[in-house]
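Reader: I'd like a close look at the charged pairs in this one. Please start with a single pair that sits inside, then work outwards to whatever else is worth pointing at.

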Amino acid sequence: MNYLSVEELTKTFGDRTIFEDITFGIDQGQKTAIVAKNGSGKTTLLRCLLGQEHIDSGRVVFRNDIRIAFMEQAENLNGDRTILEEVFSHDLPELRAVRDYNQAMSANDEELISKTFEAVTEMNAWDMETKVRQILDVLKLSDTSQKIRQLSGGQKKRVALAKVLVAEPDFLILDEPTNHLDLDMIEWLEEYLKKSSATILMVTHDRYFLEVVCDTIFEIDNQTIYKYKGNFSYYLEKKAQREEEHAVTVGKARNQFKKELEWMRRQPKARGTKQKARIEAFHDTKKVAKQRLDSEEMEIPIKMERLGTKILELHKIGKSFGDKVILDNFSYIFKRKERLGIVGNNGTGKSTFLNMILDVVPVDRGKIVKGETVVFGYYDQQMLKVDDDVKVIDVIREIAEFIPLEKGRQLSAAQLLEKFLFPRDMHYNFVRKLSGGEKRRLKLLTVLMKNPNFLILDEPTNDLDIFALAVLEDYLQSFQGCLIVVSHDRYFMDKMVDHLFVFRGEGQVKDLIGNYTTYRKMKSQEERENKKEASAQREEVESEKVEEVKPKEKKKLSYKEQQEFDSLEGILEKLEEEKEKLTAVLSDPNADNDQLMKAGERLSLVVGEIDEKTNRWLELSEYA
């Protein structure tokens with residue numbers, strides 16, 4: 001059943017064409033993602049579909065009887081409302097009815113109470129408030145009396161997410177749903193969407209999302225849309241195949257164009273029917289031949305200052321805000337080529353830790369010693385702070401007209417912009433004309449061109465497209481300095497770091513050897529142990545309650561069940577190892593298309609099997 005039909009859609013901004021005559025459809029139950037380079041019009045397309053942006057031509061048709069919910073990339077929330085008021089402000093009959101009933105109860109208006117009571121009963125909406133509370137609890141928004149304006153960026157993102165999820169839409173549209181969410185939230189959302197019966201259309205750079213959740217990927221490229229019926233691995237394979245075929249087509253057209261151009265130059269003035277047809281064919285060939293084979297890749301040829309023997313030392317540092325402890329007697333000495341990731345729930349002090357290293361926030365106790373040769377490069381979560389009426393090239397020229405490279409070479413500001421995929425025709429555009437991702441990329445360039453040898457990246461993947469991310473990853477893997485990364489992008493963390501600081505709250509920080517997958521494995525193990533301990537405590541409490549009653553004989557595992565239980569732990573370890581290997585294949589830039597596709601398919605099966613075996617282990621562990 002078709003839920004969305006788009007026919008010959010065209011959108012321009014002035015003389016710039018975003019997409020032209022694109023046609024596609026989405027059927028009931030499809031889980032679809034849109035991928036494209038920054039500035040290609042992903043968010044614009046979503047807004048056009050929902051009538052929030054004017055279209056030049058074409059037609060957009062949603063099925064009449066479906067409920068649609070849209071979560072925008074920038075949260076459009078009322079700062080004067082509380083969290084609960086904002087969620088209940090959703091344009092949904094059931095939520096309105098419950099909200100009106102609660103207001104009538106607060107006002108003690110008996111007539112209105114009776115009227116709203118009937119409305120809630122007719123809609124069978126009595127469990128709606130409970131459902132709202134459950135979703136808010138899962139999203140860690142338990143204090144629903146907080147005003148929206150008092151919330152952090154991550155909390156606002158979760159309120160916006162709660163607002164669309166409680167609507168239980170038939171068609172869910174999400175623009176960068178994982179931005180500003182912590183890792184636990186991202187995994188919860190991934191599982192939620194995977195199991196949801198809703199039809200989904202999303203824009204996301206999260207490659208695990210694309211791999212595990214999506215069954216269809218649309219790519220906007222060269223003002224056209226391409227459809228790939230599969231997950232991220234399938235998309236990578238088919239995209240490479242399409243580009244190879246396109247290169248052959250353009251090559252043939254260019255050869256044909258040369259021959260036809262000679263004929264056009266020497267053709268007689270009299271034009272017969274055959275000649276006219278050949279002239280029309282010439283113009284068609286010219287159009288194909290003039291297409292640019294975009295084989296450019298973003299290059300980051302920045303020179304790095306050499307690090308000395310002493311880099312960065314933290315000696316018994318402590319930091320608190322009132323009763324909230326961030327760090328307590330923490331020590332660490334950074335080594336050459338350090339590749340550190342930082343994880344932890346929102347509010348545990350990750351950004352404060354970075355600011356202490358950068359001497360923006362003072363330590364309460366202890367000291368931080370920085371080496372004389374250390375040059376920090378700090379990329380934070382804030383947008384580029386320049387005047388909107390500044391031209392792109394002037395942002396770079398303010399730092400330097402020429403940038404030194406290795407072996408005495410140098411690049412001009414214009415050349416460097418081109419290396420960063422800002423073509424010449426964009427250099428004199430105003431910053432206000434850039435997309436969110438293009439502004440992020442420009443900001444990253446301003447950080448790197450200062451020649452840092454110690455990079456601190458706080459959420460560097462937000463708003464960057466998957467193509468820019470792949471190049472950034474390649475650069476960071478060859479970066480010879482120190483690297484600290486705070487990121488909620490699991491794929492990025494797996495590829496970039498070799499150990500983690502896990503911020504647990506209350507001043508506790510664990511140094512864990514390994515990447516993000518190692519961290520999740522540790523957390524899963526802890527959760528299993530906690531559940532086992534909680535189960536044992538429940539049994540103990542129950543046995544105390546029935547002390548005077550003859551206790552029942554404790555149920556034991558059968559011989560077959562005991563054998564199964566004994567083998568499960570080993571099976572789970574092997575599955576986790578296989579998952580790590582498959583993830584490594586998907587992260588390997590040298591892997592061929594066949595390997596990527598097979599690894600992606602197997603990863604989905606392995607993840608499902610891990611869930612199944614873990615549930616069985618928990619079930620049997622209660623009686624082991």
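**A pair on the inside**

Author: Let's begin with Asp206, which counts as buried at 1% relative accessibility (buried means under 20% relative accessible area, exposed over 50% and partly exposed in between, with a 1.4 Å probe and protein chains only). Bear in mind that this is a predicted model, where local features need pLDDT of at least 70 and side-chain atom pairs count only at pLDDT 80 or more, while totals for chains, interfaces and linings use all residues. Residues are numbered from 1 along each chain as its sequence is written, and side-chain values use heavy atoms, with hydrogens and water left out.

What does Asp206 meet in a salt bridge? Its partner is the side chain of Arg490, at 3.1 Å from N to O (a salt bridge here is a side-chain nitrogen of Lys or Arg within 4 Å of a carboxyl oxygen of Asp or Glu). The two come from distant parts of the chain, 284 residues apart: Arg490 is in helix α16 (residues 490–496), and Asp206 in the loop between β7 (199–203) and α8 (207–212). Helices (H or I, at least four residues) and strands (E, at least two) are DSSP runs, numbered from the N terminus. Arg490 is buried too, with a relative accessible area of 3%.

Arg520 and Glu187 make another such pair, their closest N and O atoms being 2.7 Å apart. Arg520 lies in helix α17 (residues 516–545) and Glu187 in helix α7 (residues 183–195), so this salt bridge ties together parts that are 333 residues apart in sequence. Arg520 is buried as well, at 13% relative accessible area.

Now for a pair with some exposure. Arg47 bridges to Glu72, with 3.1 Å between the closest N and O atoms. Since Arg47 belongs to helix α1 (residues 42–49) and Glu72 to the loop between β5 and α2, the pair ties together parts 25 residues apart in sequence. Arg47 is partly exposed at 24% relative accessibility, and Glu72 is partly exposed, also with 24%. This pair has company: salt bridges with shared partners join Lys11, Arg47, Glu53 and Glu72 into one network. By this rule, the structure's count comes to 30 salt bridges.

Charges turn up over rings, too. Arg441 lies over the face of Phe422, 4.8 Å from the ring centre, and the charged end of Lys443 sits over the ring of Tyr379, 5.3 Å from its centre. The test is that NZ of Lys or CZ of Arg is within 6 Å of the ring centre and within 35 degrees of the ring normal.

While you're looking around, try Thr82, in the loop between β5 (68–71) and α2 (83–88). Thr82 is buried at 13% relative accessibility. Leaving aside neighbours within four places in sequence, Thr82 is in contact (heavy atoms within 4.5 Å) with Thr144, Ser145, Gln146, Lys147 and Ile148.

Met123, in the loop between α4 (110–122) and α5 (128–138), is partly exposed at 36%. Not counting residues up to four places away in sequence, Met123 touches Pro93, Glu94 and Ala97. The C-alpha atoms of Met123 and Glu94 are 6.5 Å apart, with their positions 29 residues apart along the chain.

Last stop: Glu564, in helix α18 (residues 559–587). Glu564 is partly exposed, at 29% relative accessible area, and touches Arg616 and Leu620, again not counting residues up to four places away in sequence.
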